[in-house]
Amino acid sequence: MSEFWLISAPSDKENLQALERMNTVTSKSNLSYNTKFSIPDFKVGTLDSLVGLSDELGKLDTFAESLIKRMAQSVVEVMEDSKGKVPENLLANGGLKEKLKCLKIDLTSFVTHFEWDMAKYPAKQPLVSVVDTLAKQLAQIETDLKSRTAAYNTLKTNLENLEKKSMGNLFTRTLSDIVSKEDFVLDSEYLVTLLVIVPKPSYAQWQKTYESLSDMVVPRSTKLIAEDNEGGLFTVTLFRKVIDDFKTKAKENKFTVREFYYDEKEIKREREELSRLLSDKKQQYQTSCVALKKGSSTFPDHKVQGPLLRWLKVNFSEAFIAWIHIKALRVFVESVLRSSRPPRFSARRTVIQKWPVSLFWHIPLQKNPVTSLTSDPKYFIPLSFTVLSGVS
């Protein structure tokens with residue numbers, strides 16, 4: 001987890017004194033890593049409109065942070081046994097410079113090398129329009145996230161319910177993966193095969209008495225087909241008309257008849273459903289390899305990720321980038337409101353020379369490197385934030 005402070009400071013002759021002073025303060029004890037945080041000039045509008053935007057940006061900031069944490073947590077849940085690889089899937093698109101657009105970089109590097117995306121959020125538009133674009137983008141991502149995670153959670157729940165059926169003892173677990181067609185007398189008008197759970201200490205008693213528990217029990221028809229720590233599952237074949245009498249006598253001897261009807265189609269359907277759910281869940285996140293061929297050459301295997309994980313990676317990056325743009329807007333708006341005047345530029349009109357100069361600080365959580373600066377009303381810290389705190 002990294003903590004960041006966005007610090008706004010007034011311009012000076014060469015727009016370097018503020019940064020140099022901060023570097024001097026922090027370098028003595030190696031408290032922080034300081035970089036410039038470039039913010040373009042925006043159409044300011046009236047101070048009244050900026051006050052309204054300040055409130056709206058505060059809410060949007062909170063919403064964006066909550067959204068990226070939920071998306072990061074979804075990546076953790078989807079990857080399950082591959083949680084060690086989660087950080088490499090929580091990256092931002094490369095720097096906004098053209099040569100870096102195709103790269104993925106870690107979140108801290110993205111923030112410390114932040115550049116405003118003029119193509120996506122044109123600075124020439126009114127601030128209200130820029131904020132509206134960001135809000136709509138994040139709202140759409142949240143809508144899609146809810147839909148996709150709901151579908152995944154439904155699949156996961158259905159799979160867990162089926163898996164629970166194959167766990168537990170012989171009294172509660174499903175028997176579809178234990179029994180086979182050969183264990184039963186089927187399609188008989190007179191005979192039926194029952195399944196009886198016998199405690200382990202009573203195996204010998206069962207073998208001696210099961211034929212006499214009722215009339216019309218087929219001799220030597222019992223067979224042990226499964227067992228757990230508590231007992232075994234035995235088959236026994238008898239005439240249908242003595243089922244009730246046999247159940248009563250079995251209960252008196254502490255043998256439990258397990259209600260079960262062998263339906264080959266239903267057992268096949270249950271097995272196929274379990275296999276399908278396992279496959280669907282696996283495909284949502286598992287990285288598979290496919291061989292790529294071009295002409296007569298064969299390239300190394302190419303890794304392909306499941307659709308849900310791919311969507312989470314792409315849109316986490318988009319949401320995170322939008323969040324940092326919101327931070328930039330907030331520091332701009334708060335700086336203008338603090339000064340009660342719009343930004344001013346020197347003759348060269350470079351970003352670093354405008355007022356306020358926005359500086360980015362990366363500091364340890366337990367230390368405050370700017371105590372000596374914040375007493376000066378020219379310096380203030382409108383924003384501090386952490387990246388992915390509380391995600392596990």
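**Figure 1. Overview of the predicted model.** The protein has nine helices and 12 strands, and the structure shown here is a predicted model. Of its 392 residues, 44% count as buried. Among contacts between residues at least 6 apart in sequence, 74% join residues that are at least 24 apart. The close-up views that follow concern the largest pocket and the elements around strand S5 and helix H6.

**Figure 2. Close-up of the largest pocket and its lining.** The largest pocket holds about 400 Å³ of space. Its lining is made up of 20 residues, of which Val 185, Leu 186, Arg 240, Tyr 261 and Tyr 262 are the closest to the centre of the pocket. Two or more lining residues come from each of strand S5 (191–199), helix H6 (243–252), strand S8 (256–258) and helix H7 (264–285), and S5 gives the most, with three residues. Sorted by class, the lining of this pocket has 10 nonpolar and nine charged residues, together with one polar residue.

**Figure 3. Close-up of helix H6, with its buried and exposed faces.** Ile 243, Phe 246 and Ala 250 of H6 are buried, and, seen down the helix axis, the buried residues fall within an arc of 65°, so they line one face of H6. This spacing can be read against the general geometry of a helix: an α-helix has 3.6 residues a turn, so residues three or four places apart point the same way. The cover over the buried residues of H6 includes S5, helix H5 (203–209), strand S7 (231–239) and S8. On the face of H6 turned away from its buried side lie the exposed residues Asp 244, Lys 251 and Glu 252. Just after H6, Lys 254 takes a positive phi of about 65°.

**Figure 4. Close-up of strand S5 and its pairing with S7 and S8.** Seven of the nine residues of S5 are buried, so this strand is largely enclosed by the rest of the structure. S5 pairs with S7 in the antiparallel sense over nine bridges, and within this pairing Ile 197 has Leu 233 of S7 as its bridge partner. S5 also pairs with S8, again in the antiparallel sense, over three bridges, where Val 196 stands opposite Val 257 of S8. Besides these pairings, S5 contributes three residues to the lining of the largest pocket and is among the elements that cover the buried residues of H6.

**Figure 5. Close-up of Thr 256 and its surroundings.** Thr 256 lies in strand S8 and is partly exposed, with a relative accessible area of 31%. When residues up to four places away in sequence are not counted, Thr 256 touches Phe 171, Leu 195, Val 196 and Ile 197. One of these residues, Val 196, is 60 residues from Thr 256 in sequence, while the two are 5.5 Å apart in space, C-alpha to C-alpha.

**Figure 6. Close-up of the hairpin formed by strands S6 and S7.** S6 (residues 223–227) and S7 form a hairpin with three residues between the two strands, and they pair in the antiparallel sense over four bridges. Within this hairpin, Ala 226 has Leu 233 of S7 as its bridge partner. Leu 233 is also the bridge partner of Ile 197, in the antiparallel pairing of S5 and S7.

Technical notes:
Residues are numbered from 1 along each chain as its sequence is written. This is a predicted model: local features need pLDDT of at least 70, side-chain atom pairs count only at pLDDT 80 or more; totals for chains, interfaces and linings use all residues. Side-chain values use heavy atoms; hydrogens and water are left out. On a 1 Å grid over the protein atoms alone, a cavity is a set of points where a 1.4 Å probe fits but cannot get out, and a pocket is an open set with protein on both sides within 12 Å along at least five of seven lines; lining residues have an atom within 4 Å of a point. Grid points are joined across faces, edges and corners, and a volume is the space filled by probe spheres set on the points. Ala, Val, Leu, Ile, Met, Phe, Trp, Tyr, Cys and Pro count as nonpolar, Asp, Glu, Lys and Arg as charged, and the others, Gly among them, as polar. Buried means under 20% relative accessible area, exposed over 50%, partly exposed in between (1.4 Å probe, protein chains only). The arc is that of the directions from the helix axis to the C-beta atoms. Contact means heavy atoms within 4.5 Å. Two strands pair if DSSP finds at least two bridges between them.
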